[in-house]
Amino acid sequence: MNIVSKSQMPADHRDLVIVRAGDRSLHRGWGADEPECNFDLIVSYYGSDPSAFGLPYERRADQKGGKWDGLFALFRQQPDLLQRYQYFWLPDDDLEADRKTIEAIFANMRRLDLDVGQPSLTLDSYFSHLSFMRCDSFEFRFVDKIEIMAPCLRADILLKVLPLFERSMSGFGLDSLWTRLRADNRRKSAVFDNLSIRHTRPVGTALAQVMLENGLTREAEYAQLQARFGLDEFYPISYEAVDRKGRRWRSKTAIGLRMMLDYALRLKTFRQVYRLKKTLWRHVRRQHFKATELSTVALDLRPVHAADQAKAC
């Protein structure tokens, strides 16, 4: 197994990007090779090509499996990463992004003192949840859930939720938990409308096939966490926002209506217009009627600690 060594990692960067990458990964467009780049990159490779992604800045580490069990294995092999870095961006490999956007994600995390956040998706992206599409009226929105496609996590939050990664290929259900690990979770998770990335492939198709081959499904993984932690239906609510003029919005309903108007005006820009039309009124209703879910969840999990580190070594 190819493992990233401590000597390969620069000592002065505080932010780390880890991508679970297949052979078609888009991470080489993210600017990690640029001299001005101020984050580090690890390519956690699940493919089979020994010659893939061998550039020095890519710091390839091989691990078969899904996204989240693969990340768990990486942190078990390299537990020092959790002490060395303050924030971790864990994107899918089919996202178009650039260096300045990625660096701004980390800057926003610090500026807003967030536990978990994510960039928005461009309107021509494939998407699952309308709440995470870019809304041009806003700079950012505080939300009660952050999806598994491209979350950025503070190190202490990642450490808390990390044990759940071990038996999760899809990550379904994690996105309902990592926003609820504080005594007070308000204004600790946000989607950045002023920072957008593009999702280039249909959602979840490749992983779903791999899971089926292993007798697993995303729905079954979610059901396990749902039963264990009492999770509700996954539907993200934007409960507070700051617009492009710096004004704060505190009405869920008003935010939902503003989002509907923005998306309706940009209808032709959407790649999945049929999906937008199907979900738009549902979104407005959910924004009005659905309560935010920010009550504290006690994970009570065995952490990945020194004993595990010794075992990994």
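**Close-up views of a predicted model**

**View 1. F53 occupies the loop that runs between β2 (40-45) and β3 (60-62).** Strands (E, at least two residues) and helices (H or I, at least four) are DSSP runs, numbered from the N terminus. The model is predicted, so that local features need pLDDT of at least 70 and side-chain atom pairs count only at pLDDT 80 or more, while totals for chains, interfaces and linings use all residues. Residues are numbered from 1 along each chain as its sequence is written, and side-chain values use heavy atoms, with hydrogens and water left out. Although F53 is not a glycine, its phi is positive, at about 50 degrees. The residue counts as buried, because its relative accessibility is 8% (buried is under 20% relative accessible area, exposed over 50% and partly exposed in between, with a 1.4 Å probe and protein chains only).

**View 2. D113, another residue that is not a glycine, has a positive phi of about 55 degrees.** This aspartate is placed in the loop that links α3 (99-111) with β6 (116-121). With a relative accessible area of 38%, D113 is partly exposed, whereas F53 in the preceding view is buried.

**View 3. E36 is set in the loop between β1 (15-21) and β2.** Its relative accessible area of 52% makes E36 exposed. Once neighbours within four places in sequence are left aside, E36 is in contact (heavy atoms within 4.5 Å) with R99 and E103. D184, which is 148 residues away from E36 along the chain, has its C-alpha atom 37 Å from that of E36.

**View 4. Helix α1 (residues 67-77) is largely enclosed by the rest of the structure, because 10 of its 11 residues are buried.** The buried residues of α1 include the aromatic side chains of W68, F72 and F75, and with them are K67, D69, G70, L71, A73, L74 and Q77. One of these buried residues, D69, has its C-alpha atom 5.9 Å from that of R167, although the two residues are 98 places apart along the chain. R167 itself belongs to the loop between α4 (155-161) and β9 (189-199), and at 69% relative accessibility it counts as exposed, so the C-alpha pair of R167 and D69 joins an exposed residue to a buried one.

**View 5. L159 is a residue of helix α4.** It has a relative accessible area of 32% and is therefore partly exposed. Between the C-alpha atoms of L159 and Q83 the distance is 9.9 Å, and the two residues are 76 apart in sequence.

**View 6. M211 sits in helix α5 (residues 205-213) and is buried, with a relative accessible area of 0%.** Not counting residues up to four places away in sequence, M211 touches M169 and S170, and it also touches L216, T217, R218 and E221. M169 is 42 residues from M211 in sequence, and their C-alpha atoms are 7.4 Å apart in space.

**View 7. W89, F192 and Y263 are the residues with the most contacts inside the largest nonpolar core, which has 51 residues.** Such a core is a set of buried Ala, Val, Leu, Ile, Met, Phe, Trp, Tyr and Cys residues joined through side-chain atoms within 4.5 Å. Around W89, and leaving out residues up to four places away in sequence, the residues touched are L16, V17, I18, A97, I102, I105, F106, P119, A150, P151, C152 and I197. Apart from this core lies another, of 40 residues, among them V116, I148, W178 and L301.

**View 8. Helices α7 (residues 252-265) and α8 (residues 273-289) cross at roughly 165 degrees, and their axes come within 7 Å.** The axes are lines fitted to C-alpha atoms over the stretch in contact, and angles run from 0 to 180 degrees between N-to-C directions. On the α7 side, K252, T253, I255, G256, L257, M259, M260 and Y263 take part, and they meet L276, L280, W281, H283, V284, Q287, H288 and F289 of α8. Y263 thus appears in the meeting of α7 with α8 as well as among the residues with the most contacts inside the largest nonpolar core.
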